[in-house]
Amino acid sequence: MPYDRPDHYAKKAQQAGFKARSVFKLEEIDAKYGLLRPGQQVLDLGAAPGSWSQYIAQKIGAKGRLLGIDLTPIALALPNALFVVADIEQADYGALFHAAGITPPLDLVVSDMAPKTSGHTFTDQARSYNLCALALVTAMRYLRPGGAFVCKMFDGPDVQEFQRELQACFTKVARVRPKSVRSESKEFFFVATGFRSLMP
């Protein structure tokens, strides 16, 4: 069910010119883990409506490059970013990176993807896990050694399994629930740093 009640964070985001209140989740994560720096190359999966991309673009600066992908069009024009409508499973990343001015490997992959909720808790959590798994596969293909990965997940029975998958390829894995997450929400974020490339 969509939230239609503006709260403190929604009003604050609007006043600051951000597309959505979710920007403050990434801001808090970045403040704690120092993920974003000038000149980085970043992939934003599930980027619409674009608040995470707005924040990332500011942090990576003019020399940084960002590619944002979503099934929904993103009405943003940022000088250091390219936004495309695509399915993350079927996207031609080589062509998209080239168009965005990105030369892999990447410094950071982020995913704020969430399934269309059905109202059935276990179904929604399973769909959330599937999206996280897809995001992780993409991150493993394109992250540089030492790179970082952030993804949103709904709490449920698949969490421990996904955490083990992350721990197999990152040196540090943390679970974070930012202050701006609504109290009724089941979401939290995995923050994984120190990517260990599994490729020979």
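Axes are taken here as lines fitted to C-alpha atoms, for helices over the stretch in contact, and angles between N-to-C directions run from 0 to 180 degrees. Helices (H or I, at least four residues) and strands (E, at least two) are DSSP runs numbered from the N terminus. The model is a predicted one, in which local features need pLDDT of at least 70 and side-chain atom pairs count only at pLDDT 80 or more, whereas totals for chains, interfaces and linings use all residues. Residues are numbered from 1 along each chain as its sequence is written, and side-chain values use heavy atoms, with hydrogens and water left out.

Helix α2, residues 23-33, packs with helix α3, residues 51-60, at an angle of about 40°, and their axes are 8 Å apart. That angle makes α2 oblique to α3, given that angles under 35 degrees count as roughly parallel, over 145 as roughly antiparallel, 65 to 115 as roughly perpendicular and the rest as oblique. The contact (heavy atoms within 4.5 Å) is made by V23, L26, E27 and D30 of α2 together with S51, W52, Y55, I56 and K59 of α3. These residues divide into 5 nonpolar, 1 polar and 3 charged, where Ala, Val, Leu, Ile, Met, Phe, Trp, Tyr, Cys and Pro count as nonpolar, Asp, Glu, Lys and Arg as charged, and the others, Gly among them, as polar.

An open sheet of 7 strands follows the order β3-β2-β1-β4-β5-β7-β6, and its pairing is mixed; two strands pair if DSSP finds at least two bridges between them. The edges are occupied by β3 (81-85) and β6 (170-176), each of which has a single partner strand, so one side of each is left without a neighbour in the sheet. On average, and with direction ignored, neighbouring strands of this sheet are turned by 15° against each other. At one edge, β6 is joined by 6 bridges to strand β7 (residues 187-195), and the two run antiparallel, with F170 standing opposite F195 in β7.

Strand β7 also holds E187, which at 8% relative accessibility counts as buried (under 20% relative accessible area, with exposed over 50% and partly exposed in between, for a 1.4 Å probe and protein chains only). When residues up to four places away in sequence are not counted, E187 touches K25, K152, M153, F154, R177 and V181.

Helix α4, residues 93-100, lies across β1 (41-45), β2 (65-70), β3 and β4 (106-111), and runs at about 135° to β2. Within helix α4 is found G94, which counts as partly exposed at 47% relative accessibility. G94 and P104 are 10 residues apart in sequence, and their C-alpha atoms are 9.0 Å apart in space.
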